[in-house]
Protein chains: 2
Amino acid sequence: MSATIKDVAKLAGVSVATVSRVLNDLPGYSEETRIRVMNAVAELRYQPNAIARGLVNKRTQTIGVLFPSVSSAFSSEILHGIEEAAQEQGYSVVVCNTAEDGKRTKKYLQVLREKQVDGIIYSSGVLKEEYHQTLQAMAIPVVLVATKSEYADIPYVKVDDHQAAYDACAYLIRRGHRRIAMIGGPAHDVIAGEPRIAGFRAALADHGLPPDEAPVLDGRFIFAGGCEAAEELLRQAPEVTAVFAAGDEMAIGVISTAARLGIAVPAQLSVIGYDNLKLAEMCYPPLTTVAQPLAEMGRLAAAKLIARIETGQPEASEILPHQVMERGTVSTRE
Amino acid sequence: MSATIKDVAKLAGVSVATVSRVLNDLPGYSEETRIRVMNAVAELRYQPNAIARGLVNKRTQTIGVLFPSVSSAFSSEILHGIEEAAQEQGYSVVVCNTAEDGKRTKKYLQVLREKQVDGIIYSSGVLKEEYHQTLQAMAIPVVLVATKSEYADIPYVKVDDHQAAYDACAYLIRRGHRRIAMIGGPAHDVIAGEPRIAGFRAALADHGLPPDEAPVLDGRFIFAGGCEAAEELLRQAPEVTAVFAAGDEMAIGVISTAARLGIAVPAQLSVIGYDNLKLAEMCYPPLTTVAQPLAEMGRLAAAKLIARIETGQPEASEILPHQVMERGTVSTRE
DNA sequence: CTGAAAGCGCTTACAG
DNA sequence: CTGAAAGCGCTTACAG
């Protein structure tokens, strides 16, 4: 078995209290004892037991992160940012894939509670009232990333979806496009669906284009959905010269579909995406898209959570800047 | 504060030992007490404290996973499989991004030890002697995924890299290609570099093609590297009709570069990748590639680790089948 | 069937 | 500057 604090105390000829003090940099021992203790630690290759420590401190130095899907490029970039910030601050992160399933989510929340995590990050998706209640019962800090909620006690970090969609559409208009379509998420999705559609329409209206005539299809935020929607769009509204796809995977779907149908991008059809996944630079032509700083969002969410854990002070929500990344899929029209 | 086992014992009018028994489904109490206890549990919304339990059981029901990069598509698919299997068996997974940095890796190993994880999965990359030693000192089960090692006590689950590369090359030959190049990883990479290059050359040789004349470039397994290598290749060996890129990101780089240079894929240049990331289906034409069952590898690695943890029996290594996925980037030559 | 008690490996008043 | 002791929330022989 591994050495315990008792073993080092015995070897150093001091009490465990003293060992604990030097290990935790607390005051109260002579330089000589410090050295004796450190020698014993080294000799026994002693490593503290974080579980025992956690039991008395009521702190585990670990946070839980809930994703609707861990394998998506979107989630992995956020996770990357979270992991980075957490590790810098000495926290571990346990990943939970809810698969957008209520039962799994509840199950995970329970596990996280039993494991006494110090805080939770909830990513992309609606924080249901039900979850909020159990979170409240757990009485631990929570922060939202790439989503938001009405609950005042839960800060979020995200981009302004309405404005980002507005800017994507305005960009297309500025480049001379007039017949613009959108492929977005489900209209009833209050986080990433509705606001982007509204932003898109607002941009149209502000530029004197009839917002209700523009086709808006649902691509479910996935590649296949983008392909299907593009196919339908191209059939029903061939006059469209540009499409705003509210997710890069869908945008790539549009590009693939156009290529398959012999429609040149951007010469015949312009496409602007949303997210700026690594994917966006890997297609040809490289995808013009409105960037969300995903890793940064993850980092900031983790930083806020940890600050909340350690200071107890409430943290403010934050809207991070988005940015249209001009690449190769939008052409200029006269 | 949350209720503890003492609270429920008091409310149920029994001892904590009895509460513990019913909670853990151990024998030794009447139906009546069981009900009294369960009622108290419900009334107090009692949740056991896994940290306290872990301290006495010496089991935390959590495993650590080390990745060289958490945000890569490759790692996320493996992670997805691991998370799934782990969650089914009641284990949590903490993710560690080593960033291929020795110091971070050592740091993480130490943290995982202090947090008393029950086992560790080490993904893709060489398990250095140094790591092996600290792992040995920790005395906990380890399994390797998408990599392997010489250490008999550490099982691995991966694909046969040599054979997979061989099959990719043989596929190209079968489709009529004779002037074939490879874009692989660093030749000194014993896991994913050298074996694939050797497999590629073996296939050439077995089919009567001079293996040493075929260009083999290093694309560092990344998109940019694939682009650079493709550019150099196309300049230096324009006679090449097909390239085997030993990683999908690199393959996509080849396709992008070809498109940029006006070289038609697959009409003028055929490309076969390696991995079968989700990416592979998202480009146009969709990428022909040799598939590794990444999620399955993750699942199996987790299953082996957990079996090892729970039974104490050693687990065998496993080579999973690969498969060439015929899609749209390889043409047939006469 | 049930409970008192020891113990898991730490931290932290408290007393000196 | 230092140690004895209590306690964190559980589990598990042991005794009855």
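Is B:Ser75 buried or exposed? With a relative accessibility of 3%, B:Ser75 counts as buried, because buried means under 20% relative accessible area. This report starts there and then widens the view. The model is predicted.

## A serine in helix 5

B:Ser75 belongs to helix 5 of chain B, which covers residues 73–88. Neighbours within four places in sequence are set aside here. Beyond them, B:Ser75 is in contact with B:Phe67, B:Ser69 and B:Val70.

## Chain A as a whole

Chain A holds 13 helices and twelve strands. Its C-alpha atoms fill a box of roughly 85 × 40 × 30 Å along the principal axes. The radius of gyration of chain A is 26 Å, whereas a compact globule of 334 residues would have one near 20 Å.

Of the 334 residues of chain A, 54% count as buried. Contacts in chain A can also be sorted by separation in sequence. Among those with a separation of 6 or more, 69% come from residues 24 or more positions apart.

## Surface and charge

The accessible surface of chain A is about 14,400 Å². Carbon and sulfur atoms account for 51% of that surface. Chain A carries 33 positive and 40 negative charges. The mean positions of these two sets lie 6 Å apart.

## How the two copies are related

Two copies of a chain are related by a rotation about an axis and a shift along it. Here, a turn of 180 degrees with a shift of 0.0 Å along the axis lays chain B on chain A, with an RMSD of 0.1 Å. The two copies are thus related as by a two-fold rotation axis.

Which residue of chain B comes closest to the rotation axis? That residue is B:Val94, with its C-alpha at 2.1 Å. The copies meet through the same surface, because 100% of the interface residues of chain B are also interface residues in chain A.

## An isoleucine that touches chain A

B:Ile51 sits in helix 4 of chain B, residues 50–57. It counts as buried, at 10% relative accessibility.

What does B:Ile51 touch, leaving out residues up to four places away in sequence? The list is A:Ile51, A:Gly54, A:Leu55, A:Thr60, A:Glu114, A:Lys115 and A:Gln116. A:Ile51 carries the number of B:Ile51 itself, but in chain A.

## Cis peptide bonds

Most residues other than glycine have a negative phi, and most peptide bonds are trans. Some places in this model depart from those habits, as the cis bonds here show.

In chain A, the peptide bond from A:Val265 to A:Pro266 is cis, with omega near 5 degrees. A:Pro266 lies in the loop between helix 11 (248–260) and strand 9 (270–275). In chain B, a cis peptide bond joins B:Val265 and B:Pro266, with omega about 5 degrees. B:Pro266 is placed in the loop between helix 11 (248–260) and strand 9 (270–275) of chain B.

## Positive phi in chain B

B:Lys58 has a phi near 60 degrees, a positive value in a residue other than glycine. B:Lys58 lies in the loop between helix 4 and strand 1 (62–67) of chain B. With a relative accessible area of 60%, B:Lys58 is exposed.

B:Ala146 also has a positive phi, near 60 degrees. Its loop runs between strand 4 (142–145) and strand 5 (156–159) of chain B. Is B:Ala146 buried or exposed? At 12% relative accessibility, B:Ala146 counts as buried.

Technical notes. Residues are numbered from 1 along each chain as its sequence is written. Chains are lettered from A and ligands numbered from 1 in the order in which they are written. This is a predicted model: local features need pLDDT of at least 70, side-chain atom pairs count only at pLDDT 80 or more; totals for chains, interfaces and linings use all residues. Side-chain values use heavy atoms; hydrogens and water are left out. Helices (H or I, at least four residues) and strands (E, at least two) are DSSP runs, numbered from the N terminus. The radius of gyration is taken over C-alpha atoms; the globule rule is 2.2 Å times the number of residues to the power 0.38. Buried means under 20% relative accessible area, exposed over 50%, partly exposed in between (1.4 Å probe, protein chains only). Contact means heavy atoms within 4.5 Å. Accessible areas come from the Shrake-Rupley method with a 1.4 Å probe; for residues, only the protein chains shown count as cover. Lys and Arg count as positive and Asp and Glu as negative; His and the chain ends are not counted. The place of a charge is taken as NZ of Lys, CZ of Arg, CG of Asp or CD of Glu. Copies are superposed by least squares on the C-alpha atoms of residues with pLDDT of at least 70 in both.
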